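The following exercises treat one protein chain, each with a worked solution. Please attempt each task before reading the steps beneath it.

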Amino acid sequence: MGKNDLCPGCKAPVNQTHHIKCCTCKLQYDIASAGITEATFNLLSKQQKSSWACLSCRNKVPRTNNTNTPVRQMFIIDSKAISPSDNVTKRTRERREKTNGGGGVLIAINKSINSRQFKNYESDCEDLWVGLEIVANRKKEQLLICAVYLPPPVLKG
Ligand SMILES: [Zn+2]
Ligand SMILES: [Zn+2]
């Protein structure tokens, strides 16, 4: 058995169907050692699986600030996988007539970044604007990000 048949996390042989490969070190982890639940694993797309990085590779990612907090990786499934350290700004869809309501747009920003919602930028579309305070060339700048939902059909301009 080659070295790659053992999970680097628990040193047990990797399950042939339930494993995930780190996109950086190419080692195969069983999903429990990867910190992924069975249910989550089944919901992951091919693309999400192929972009997964193991914890030790994530910890090697250079940080732009001085904290030693490991970079967490989250999968957004049904908008439920929001980290508790994120500031979540939402614009919930207004209930119209007898439709079931719900829906809307959401932006999650890590709390280590100063951010605030720009309500005055909102239009009649389902748009949400959040300004991030960033430092560029030693100057404080405001970076505006916008999430918008365009209901189908969306016609190309
Ligand atoms: Zn393992
Ligand atoms: Zn890795």
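Helices (H or I, at least four residues) and strands (E, at least two) are taken as DSSP runs and numbered from the N terminus. The structure is a predicted model, in which local features need pLDDT of at least 70, side-chain atom pairs count only at pLDDT 80 or more, and totals for chains, interfaces and linings use all residues. Residues are numbered from 1 along each chain as its sequence is written, while chains are lettered from A and ligands numbered from 1 in the order in which they are written.

**Exercise 1. Overall composition**

Task: State how many helices and strands the chain has, and give their pattern along the sequence.

Solution. Step one is the count: the chain has 3 helices and 7 strands. Step two is the order, which reads β-β-α-α-α-β-β-β-β-β along the sequence.

Step three concerns burial. A residue is buried if 20 or more other C-beta atoms lie within 10 Å of its own, exposed if 12 or fewer, and partly exposed in between, with C-beta atoms placed from the backbone. Of the 157 residues of the chain, 10% count as buried.

Step four concerns contacts, where two residues are in contact if their C-beta atoms, placed from the backbone, lie within 7 Å. Among contacts between residues at least 6 apart in sequence, 31% join residues at least 24 apart.

**Exercise 2. The nonpolar core**

Task: Identify which residues make up the largest nonpolar core, and place V14 and Y29 relative to each other.

Solution. A nonpolar core is a set of buried Ala, Val, Leu, Ile, Met, Phe, Trp, Tyr and Cys residues joined through C-beta atoms within 7 Å. The largest such core has 8 residues, namely C7, V14, I20, Y29, I31, A34, I36 and C54.

Next, consider V14, which is found in the segment before strand 1 (19–21). V14 counts as buried because it has 22 C-beta neighbours inside 10 Å. Leaving aside neighbours within four places in sequence, V14 is in contact with D5, L6, C7, H19, Q28 and D30.

Then compare Y29, whose contacts under that sequence exclusion are C7, P8, G9, H19, I20, C22, A34 and C54. V14 and Y29 are 15 residues apart in sequence, and their C-alpha atoms are 6.6 Å apart in space.

**Exercise 3. The open sheet**

Task: Determine the strand order of the open sheet and name its edge strands.

Solution. Two strands pair if DSSP finds at least two bridges between them. On this basis, 3 strands form an open sheet in the order 5-6-7, with antiparallel pairing. Strand 5 (115–117) and strand 7 (139–149) are the edge strands, each pairing on one side only. The twist averages 25° from one strand to the next; axes are lines fitted to C-alpha atoms, for helices over the stretch in contact, and angles run from 0 to 180 degrees between N-to-C directions.

The pairs may now be taken in turn. Strand 5 is joined to strand 6 by 3 bridges, and S115 has L132 in strand 6 as its bridge partner. Strand 6 (residues 126–136) is joined to strand 7 by 11 bridges. In this second pair, W129 stands opposite C146, G131 is partnered by L144, and E133 by Q142.

Finally, assess burial: strand 7 lies largely in the open, because the number of buried residues among its 11 is 0.

**Exercise 4. The turn and the preceding loop**

Task: Where are N137 and E122 found?

Solution. N137 is found in the loop between strand 6 and strand 7, and these strands form a hairpin with 2 residues between them. Most residues other than glycine have a negative phi. N137, however, has a positive phi of about 50° although it is not a glycine. R138 lies in this loop too, and its phi is positive at about 65°. N137 counts as exposed because it has 5 C-beta neighbours inside 10 Å. R138 is also exposed, with 5 other C-beta atoms within 10 Å.

E122, in turn, is found in the loop between strand 5 and strand 6. E122 counts as partly exposed because it has 15 C-beta neighbours inside 10 Å. Not counting residues up to four places away in sequence, E122 touches D127 and W129. The C-alpha atoms of E122 and V148 are separated by 9.8 Å, with the two residues 26 apart along the chain.
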